[in-house]
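Please open the model in your viewer, show the backbone as a cartoon, and keep side chains ready to switch on as the tour moves from stop to stop.

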Amino acid sequence: MTDQPSAPKPVRLRGRSFLALVLSPELPFVDWLASLDDLAKRSTGFFLGRPIVLDLSAVTVTREDVAGLIAALSERNVRIMGLEGVLPSQVGPGMPPLMQGGRSVEDFPQPAPDAPKSEPAPVAAEAEAAATPAAEPAEPAPAAPAITYAMPPAPSSLIIETTVRSGQQIVFTEGDVTVLGSVSSGAEVIAGGSVHIYGALRGRALAGAAGDPKARIFCQKLEAELIAIDGLYKTAEDIEPALRGRPMQAWLDGEMLKTVALV
């Protein structure tokens, strides 16, 4: 007696969203890369180990341009995980994949097993069925009662009760992040909404990371390496010297990142 082979266990495929930095190059690429070098120099390690998507929807490029830009970024240790805004024909072998939309998706359904094929009915039987009067329609079965499941609301804020230490990264794209301690040099806080820091901000704070231009940054002592709101940033060299060591708030006024001391 032989054992029957067991059915292979299906591979479960899931969709999941991750926060990635999006770079949108501008022409000429030489000048844009020089600006990128300046940012990397003033904020050491900013691109290190960070997932990055290259969005080329604002420029007209060829496949060779895309390959050359990816190579130039690779020389700067900027690793591209995906491309946006290019045609499929411009994505050559060995290039990062083409990204689609950046939205979260549901679990992929497993393929249903093949249904057994039914034999076609003889032509004579079809003619006989057509000549037979139609039977009275059956009474419809009563509909099952609808069941509504109440899902708990997603949290709109995250509170960190301790200091965010060097090398740590706090990412919360669903809303505001409040740090009751400080943010050490080399640490990073990324929020979809605003960032509130009740201690000193010595590392990096990125607010509005999910595309919220109304987000703000607040801290009790400004000593930041970098602050950013909805992609617009200031490094330590760009922040007004009069604000160093003081309570501060930052917000966007159009395309300008403004900072002011809190009295």
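In which loop does E223 lie? Select E223 in this predicted model and you will find that residue in the loop between β10, residues 217-222, and β11, residues 226-229. E223 is partly exposed, with a relative accessible area of 26%. Now add R204 to the selection: E223 and R204 are 19 residues apart in sequence, and their C-alpha atoms are 9.5 Å apart in space.

Keep R204 on screen and select R50, E188 and E225 as well, since a network of salt bridges links R50, E188, R204 and E225. A search of the whole structure finds ten salt bridges, and the next stops show some of them.

Go next to R42 and display its side chain together with those of D38 and D238. R42 forms a salt bridge with D38, in which the closest N and O atoms are 3.0 Å apart. Both R42 and D38 lie in helix α1, where they are four residues apart, about one turn of the helix. The side chain of R42 also meets that of D238 in a salt bridge, at 2.7 Å from N to O. This second pair links distant parts of the chain, with R42 in helix α1 and D238 in the loop between β12 and β13 (248-253), 196 residues apart. For the surface view, R42 counts as partly exposed at 22% relative accessibility, D38 counts as partly exposed at 35%, and D238 is partly exposed with a relative accessible area of 32%.

From there, select K258 and D253, whose side chains meet in a salt bridge with an N to O distance of 2.9 Å. K258 counts as partly exposed at 30% relative accessibility, and D253 is partly exposed as well, with a relative accessible area of 41%.

The following stops concern the backbone. Select L27 and P28, where the peptide bond from L27 to P28 is cis, with omega near -5 degrees; P28 is placed in the loop between β1 (21-23) and α1 (29-42). Then move to D230, in the loop between β11 and β12 (232-235), where phi is near 50 degrees, a positive value in a residue other than glycine. D230 counts as partly exposed, at 32% relative accessibility. N77 is the next residue to select: N77 has a positive phi of about 65 degrees although it is not a glycine, and it lies in the loop between α2 (63-75) and β3 (80-84). The relative accessible area of N77 is 48%, which makes N77 partly exposed.

N77 also leads to a pocket. Which residues line the second largest pocket? Select L36, D37, A40, S43, T44, G45, F46, F47, L48, R76, N77 and V78, which form its lining. The volume of the second largest pocket is about 160 Å³, and by class its lining has six nonpolar, four polar and two charged residues.

For the last stop, switch to a surface representation and select I159, L180 and Y198, which form a nonpolar patch on the surface with about 320 Å² of accessible area together. I159 lies in strand β4, residues 157-160. Is I159 buried or exposed? At a relative accessible area of 51%, I159 is exposed, because exposed means over 50%.

Technical notes. Residues numbered from 1 in each chain as written. Predicted model: local features only at pLDDT ≥ 70, side-chain atom pairs only at ≥ 80, totals over all residues. Heavy atoms only, no water. 1 Å grid on protein atoms, 1.4 Å probe; cavity = no way out; pocket = protein on both sides within 12 Å on 5 of 7 lines; lining within 4 Å. Points joined across faces, edges and corners; volume = space filled by probe spheres on them. Nonpolar A, V, L, I, M, F, W, Y, C, P; charged D, E, K, R; others polar. Patch = residues over 30% accessible without salt bridge, like charges linked within 9 Å, V, L, I, M, F, W, Y side chains within 5 Å. Areas by Shrake-Rupley, 256 points an atom, 1.4 Å probe, with all protein chains shown as cover. Salt bridge = Lys/Arg side-chain N within 4 Å of Asp/Glu carboxyl O. Helix = DSSP H or I, 4+ residues; strand = E, 2+ residues; numbered from the N terminus. Buried < 20%, exposed > 50% of the residue type's maximum accessible area, 1.4 Å probe, protein only.
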